[in-house]
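Hi everyone, thanks for coming. Please have the sequence and the 3D view open while I talk, and stop me whenever you like.

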Amino acid sequence: MSLPALFPERRSRQRFPAVRDGKPYVWLLLGDARWPLCDLSLDGFSVAAETPLTLGESFEFTLKLSDAPDKVKGVAAVSYTHLRAHETVLGLVCRLLLEKI
């Protein structure tokens, strides 16, 4: 049995770390709060479990790079939680909700 069949929620695309020189570089803006991303991909992104998000909840988001004025806005949902072998913090994985046109 293939890995995607065993873990259907796992992302099939490459993830990119959201840090530069060991510091958070991409931020999730929720209201007045700013949360660092753990990583991101074409499917979505992951954040630490301390963010005020709930499993299955859809939410509007804004992503911002540390040193750029541009922002990306969209809608995502928390699809699952995970704990990677090399991490000690539980992460929330958020998938982008794409609209068919």
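Let's start with one pair of residues: L29 stands opposite T62 in β7. Before I go further, this is a predicted model, where local features need a pLDDT of at least 70, side-chain atom pairs count only at pLDDT 80 or more, and totals for chains, interfaces and linings use all residues. Residues are numbered from 1 along each chain as its sequence is written, and side-chain values use heavy atoms, with hydrogens and water left out.

Back to that pair. L29 belongs to strand β4, residues 26–30, and T62 sits opposite in strand β7, residues 58–65. When I say helix or strand, I mean a DSSP run, H or I over at least four residues for a helix and E over at least two for a strand, numbered from the N terminus. Strands count as paired if DSSP finds at least two bridges between them. β4 and β7 have four bridges and are antiparallel.

What does β4 pair with besides β7? Strand β5, residues 33–40, also antiparallel and also through four bridges. Here L30 has A33 of β5 as its opposite number. These strands make a hairpin with two residues between them, and G31 in the turn has a positive phi of about 65 degrees.

Why do I call β4 largely enclosed by the rest of the structure? Because five of its five residues are buried. Buried means under 20% relative accessible area, exposed is over 50%, and partly exposed is in between, using a 1.4 Å probe and protein chains only. In a regular strand, side chains alternate between the two faces of the sheet. In β4, V26, L28 and L30 point one way, W27 and L29 point the other way, and all are buried.

Now let's move along to strand β6, residues 44–48. Five of its five residues are buried too, so β6 is also largely enclosed by the rest of the structure. β6 pairs with β5 in the antiparallel sense over three bridges, with V47 in β6 as the bridge partner of L37. This is another hairpin, with three residues between β5 and β6.

There is a polar detail here. D39 lies in strand β5 and is buried, at a relative accessible area of 3%. Its side chain makes a polar contact of 2.9 Å with the side chain of S46. A polar contact is a pair of N or O atoms within 3.5 Å; within protein, one must be able to donate a hydrogen and the other to accept it, and residues adjacent in sequence count only if both atoms are side-chain atoms.

What about the nonpolar core? That term means a set of buried Ala, Val, Leu, Ile, Met, Phe, Trp, Tyr and Cys residues joined through side-chain atoms within 4.5 Å. The largest one has 16 residues, and L28, L37, F45, L53 and F59 have the most contacts inside it. The elements that contribute two or more residues are β4, β6, β7, β8 (71–82) and β9 (91–96).

L28 is a good one to click on. Setting aside residues up to four places away in sequence, its contacts include W35, L37, F45, L53 and F59; contact means heavy atoms within 4.5 Å. V72, in strand β8, touches F61, T62 and L63, again leaving aside neighbours within four places.

Which residues form the salt bridge? A search of the whole structure finds one, and it links D67 with R20, the closest N and O atoms being 3.8 Å apart. D67 is in the loop between β7 and β8 and R20 is in strand β2, so the pair ties together parts 47 residues apart in sequence. The definition asks for a side-chain nitrogen of Lys or Arg within 4 Å of a carboxyl oxygen of Asp or Glu. D67 counts as exposed, at 54% relative accessibility, while R20 is partly exposed at 42%.

One oddity to look at is D21, in the loop between β2 (19–20) and β3 (23–24). D21 is not a glycine, but has a positive phi of about 55 degrees. D21 is also exposed, with a relative accessible area of 75%.

Finally, zooming out: the protein chain has one helix and nine strands. Of its 101 residues, 34% count as buried. That's my tour, so over to you for questions.
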